[in-house]
Amino acid sequence: MTATEQVNDQTSNQQLIDVTQQALDEAKRRGASAADAAVSRSQGLTVTVRLGAVETVEYNRDKTLVVNVYFGHRSGSASTSDFTPHAVADTVRAASSIAKYTAEDECAGLADRDRLATNIIELDLDHPWELALDGAIEMARECEDHARQLDERITNSEGASISTHRGSEAYANTHGFAGLVTGTRHSMSCAVIGEQDGLMQRDYWYSATRDPADLESPPLVGETAARRTLRRLGARQISTREAPVLFEAPIASSLLSHFLSAVRGSSLYRKASFLLDQLDQSVFPSFVRIHEQPHLPKAVGSAAFDNEGVTTENRDLVTGGVLRGYVLDSYSARKLGMQTTGNAGGVRNLTIEPGALDLTGLLREMDTGLLVTELIGFGVNVVTGDYSRGAAGFWVEGGEIQYPVEEITIAGNLKTMFQHIARVGNDVDERGNIRCGSILLEKMTIAGA
Amino acid sequence: MTELIETAKNTLLSPGGLDIRDLDAVFGKVITPSVDYADLYFQYVRQESWMLEEGRVKSGSHSIEQGVGVRAVSGEKSGLAYSDEIILPALSEAATAARAISRQGGDSAAHAISWSTGRAPQLYRAEDPLASLSDTEKVKLLERVEQEARRQDPRVKEVIASLAGVHEVILVARNDGALAADIRPLVRLNVTVIAEHDGRREQGSSGGGGRVSYDYFSDALALGYAREAARQALTNLEAQDPPAGTMTVVLGPGWPGILLHEAIGHGLEGDFNRKGTSAFAGRIGERVASAACTVVDDGTMLDRRGSLSVDDEGNPAQKTVLIENGILATYMQDTMNARLMDMAPTGNGRRESFAHLPMPRMTNTYMMAGDMDPQEIIASVENGLFAVNFGGGQVDITSGKFVFSASEAYLIENGRLGHAVKGATLIGNGPDVLTRVSMVGNDLELDPGVGTCGKEGQSVPVGVGQPTMRIDGITVGGVQV
């Protein structure tokens, strides 16, 4: 049996729909004026090989039902992993009981009927991997072998992993919406340790796709991990200074996730955002365009409808550097006197329009400054925009990498940092839900020795 | 313990028609000649949360999760399979899947396991905290907290308060016949305040909890969180840009102990040291801190958020001295890593749920008190930073570099506290930051009970603590050069 087989069949998908309907029927029976139910079920396998031998084999099999009930403007929510009729009824009862104690909230409720998806577009998200355990182990071993054999300074390993998951999600509400999506997610990752002068460094690489055929090859993932580790050996601290900072693509997406935190409806109606009241204002330089592409075939973030059943659409959040839209679900939209943007559950394939330069070109453009390849810690304040995070990377002079750097922080304020974006690279990282090239900022404070 | 075992059996096994005797057959499936350890972890978790914003409790949620994880260990290999249905066919299927790590197939003859239960002191009351307060009272508590925060100052604009409770029952059965159970309550109350003045907005937050019932939140305590969150937000309204560079830093008592959790705690977990991936690997007996530093991991503290009567492998929690007078004493271990390193388990085997593999994890990690008066420590600093509240932290255990982010800090000028500065991240090197601890205060405090630790995708509740301490040089990630 392969790990993803069971999610496959139509019978079990019909069961998921049946569970949502049972929950909605029970809610109506209890007198709820509206309700919705979301059911998910997933199955998968993760294998890790370390130093050539199997380290872990984990079979995943999860399921959840989440029910929201509305009695007029009062709401309650409950969830369970037990889909027996008795447990479903108990869950609806628990949600209904909570709704007795919550306060009236005129904005609470389902999405407006006319915004619900009527035509559910096929997005090519389901690509099961007929991968048996032995095959997965072999692939992980090949990946790690290539990493370990690249250079004798690679002295240890955290291992290579192969992971495959397949899941189905059904959503239904008492406006009559019912939708079901099945999708897959596969990944290959490798993390190795290098040593030089008695000091160790670790780095990693991964490939993640919906279609196993699109994964990078095991040797490529392994060798990339090893190269990333090797280039960090001999890292040192630099002195405190101000300098341009280039965020390498895999971490540049974090800047966009901070932007998202600030334009999310829940941050805005709570006035907990450094981008409050910035709609139609210049938040970025005029060359910046940030848009959402929810219908990209095979993409990680693609979805035909959001977590409330609302149709997702291509749209611009930032055009010409000007903030054109927020990220709203029905509740936060009502709080702000606006319309939902189909973002219940988040954005879908958020993309910053790539520029003309690749990473090498961006390094030349920067000339002298810091290339950041790793960020650690949580020093981001969405209320004020204050930003201060631990970093590691490379000092760059004359457009060329000089030496690795560690134990430093980079700091600024996101509002100013966004205004000071000098370039966006074309080296787009497409592995995640935020698609972003490397980003060059004119200036930040670097704290070090 | 016997009473706990009975309750756990009734909660976890009986509903699916299972009896302890049925587990013999399951172990018969999972044990092969090359599987040297196996366990079953049964878990039931019921939790709820209530949230107040804009003066009203607008939402609440409730969830029930249960299941069983079957783990097989063969040398350095682990296999895990689980099911959210606690019935015999599901257990048998999971057992067959978990033993996939061993090459030998086929069931071994099921033999009768002789079950025994060890002794472990109960560190918290075995009760359901969700039932300890009526839903009406939970809502009222949040409303009182909100009003108290608003009452502090007209500049308080938004108050978000939440109350959460967890009722957890676990049963661990091992192939060596050890049987352990635990009933773990966990509650938490949090308050976040946003204050606004002249167009500037700042936030503050506070909270607490532990392995207790909701009645722990007396008005004195709960309203105290509200006042504290408001005070922090108002303080931050006056805060100036923080300095950048390496300087002397005095850390206040309690929650700043997150320094220990990140700088040395993770690096002393057994798995990383067995694999040689930690910057502390092979360094037992060496000096890793100044003589003023003694650091412990203590899972045995009464009612604390990080405490465990037994860990998730059924071993009683312990108080383990990690660093004694500056010398690295030992690592924190779970069963597998202890065996592979030929050390004893330290009661640090923890897992987020039945669906996750156990790992060595911290419980309550803190530094013992020294003898300095905290005021004297501040007075000893000519120029530096006094940091008293922190957000999260993170560590790269291989390079040893760690960060933790201050959310409330003050400049120290000529031995006196100066103006407040905005939050900044502090970065250091784990293996040597504690060698620069030159003074340790006599004011040991534990955090109020809000910590959650993440490792390899698994979250578990933890505690931290420390007395006031002076570090002679750590990098402060401010903006002011």
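This report describes the domains, two helices, one sheet and the nonpolar cores of a predicted complex.

The model is predicted, so to speak of local features a pLDDT of at least 70 is needed, side-chain atom pairs count only at pLDDT 80 or more, and totals for chains, interfaces and linings use all residues. Residues are numbered from 1 along each chain as its sequence is written, while chains are lettered from A and ligands numbered from 1 in the order in which they are written.

The predictor gives the complex an ipTM of 0.95 and a pTM of 0.96. For chain B the average pLDDT (the predictor's confidence in each residue, from 0 to 100) is 96, and 99% of the residues score at least 70.

An automatic or database domain assignment divides chain B into domain 1 (2–237) and domain 2 (244–477), whose centres, taken over C-alpha atoms, are 23 Å apart. Contact (C-beta atoms, placed from the backbone, within 7 Å) links 36 residues of domain 1 of chain B with 28 residues of domain 2 of chain B. On the domain 1 side, β1 (37–53), β2 (56–74), β3 (77–83), β4, β5, β6 and α5 of chain B each supply at least two residues.

Helices (H or I, at least four residues) and strands (E, at least two) are DSSP runs, numbered from the N terminus, and the expected span of a helix is 1.5 Å times one less than its number of residues.

| Helix | Residues | Number of residues | End-to-end C-alpha distance | Expected span |
|---|---|---|---|---|
| α5(B) | 219–237 | 19 residues | 27 Å | 27 Å |
| α3(A) | 133–149 | 17 residues | 24 Å | 24 Å |

Buried residues (20 or more other C-beta atoms within 10 Å of their own, C-beta atoms being placed from the backbone) of α5(B) include A222(B), Y225(B) and N236(B), and their cover includes α4 (135–151), β14 (383–395) and β15 (401–413) of chain B. In α3(A), L133(A), M139(A) and R148(A) are among the buried residues, which pack against elements including β1 (34–50) and α4 (218–230) of chain A.

In chain A, five strands form an open sheet of mixed pairing in the order β10-β9-β8-β11-β16, where pairing requires at least two DSSP bridges. Its edge strands, β10 (322–323) and β16 (434–435) of chain A, each pair on one side only. Strand β11 (residues 350–352) of chain A runs parallel to β16(A) over two bridges, and L350(A) has I434(A) as its bridge partner.

The largest nonpolar core (buried Ala, Val, Leu, Ile, Met, Phe, Trp, Tyr and Cys residues joined through C-beta atoms within 7 Å) has 232 residues, of which V30(B), V70(B), A98(B), V193(B) and V249(B) touch the most other members. Apart from it lies another core of 30 residues, including A38(A) and Y331(A).

Notes: Buried ≥ 20, exposed ≤ 12 C-beta atoms within 10 Å, placed from the backbone. Contact = placed C-beta atoms within 7 Å.
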